[in-house]
Each structure stands twice: as C-alpha cells, then as structure tokens.
Amino acid sequence: MEDRSVLGPDRIKHLEFIQAVIARLGTSSFLIKGWVLTIAAAIFAVLANRLETGLASVALVPLVAFWLLDGYFLWQERLFRCLYDDVRKPDSTVELMSMNTAPYVATKRWRSATFSATLGLFYGGLAAVDLVLIAVAASR
C-alpha cells in the first residue's frame, strides 16, 4: 500500500521548479524597488537645485511604470504560490510539471497585488513626496 502522505521525487522536483520561479519573481521585485529608489533619488536631487513643475511631473512617469510592473510581479508570485500550495498536497490533481497558473487568476487579481499595503506604502510614499514637490513648484 502506497503512503499518500509522502511526495514522490517527481512531485518534489515540480515543487522545486515552482519555488525557483517564486524566488526569481521576488528577486525581480527587489531589483525594481532598487531602480525606482535610484531614479527617484536622482530626480529629487535635481529638484532640490531646480524646482520646476514639469520636471517634478516627469518623475511620476517612471514611478507609475515601475509600480505597475512590480504589481505584476507580485501578482504572478501569488499565482505561483497558489500553484505550489496545490502541488504540495498528496491528493493533488495538478498535472505533473505543470506551471499553469490560469486556474488561480479568478481568485488572485492583479489590481489587489498592485494596490496591496506593501506596494501602496512604498510607491504611494514616493508619489506623495513627488506630488508635494509638484504643488510647491506650482505655487512659486
């Protein structure tokens, strides 16, 4: 009689593949945050010397672009975590070595990942600073 509580080597390898994707998505998200901080710091440094509404407004473009991209990576990570959770179960019906996350799209939404508390605080904080700079520049 086969012990259903023990996962076979193929199932364990499948979990390792999924975990590798999750790790890459996490690394990509970390790198994006580094890039956005670098760009924001550079633009804010320029604005400290030359406060202009147009320049401050331009800073919103990369901020929003990186926010949306980071939200996409977080959404994908959540989808792969759902897949991982299903694959790890001994009675899983997920096809072996499948990386299909489509069944989880209905439960995990891109919008909820993009506007999650963590991304909202990080990017929202940077956007708030930039909006204050725009308002100050406009009032001059």
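Modeller: Before we look at any loop, here is how elements are named: helices (H or I, at least four residues) and strands (E, at least two) are DSSP runs, numbered from the N terminus. This is a predicted model, where local features need pLDDT of at least 70, side-chain atom pairs count only at pLDDT 80 or more, and totals for chains, interfaces and linings use all residues. Residues are numbered from 1 along each chain as its sequence is written, and side-chain values use heavy atoms, leaving out hydrogens and water.

Biologist: Thanks! Where does S98 lie?

Modeller: S98 sits in the loop between α3 (60-87) and α4 (110-114).

Biologist: Is S98 buried or exposed?

Modeller: Buried means under 20% relative accessible area, exposed over 50%, and partly exposed in between (1.4 Å probe, protein chains only). S98 has 16%, so S98 is buried.

Biologist: Which residues is S98 in contact with, leaving aside its neighbours within four places in sequence?

Modeller: Contact means heavy atoms within 4.5 Å. With those neighbours set aside, S98 touches H14 and L83. Its side chain also reaches the backbone nitrogen of N100 at 3.2 Å.

Biologist: And what about E77 in helix α3?

Modeller: E77 has a relative accessible area of 13%, so E77 is buried as well. Beyond its neighbours within four places in sequence, E77 is in contact with I22, L25 and G26.

Biologist: How are two packed helices described?

Modeller: By the angle between their axes and the distance between the axes. Here, α1 (residues 9-49) and α5 (residues 117-139) pack at about 15°, with axes 12 Å apart. Angles under 35 degrees count as roughly parallel, over 145 as roughly antiparallel, 65 to 115 as roughly perpendicular and the rest as oblique, so α1 is roughly parallel to α5.

Definitions and conventions:
Axes fitted to C-alpha atoms, helices over the stretch in contact; angles between N-to-C directions. Polar contact = N/O pair within 3.5 Å; in protein donor to acceptor, adjacent residues only side chain to side chain.
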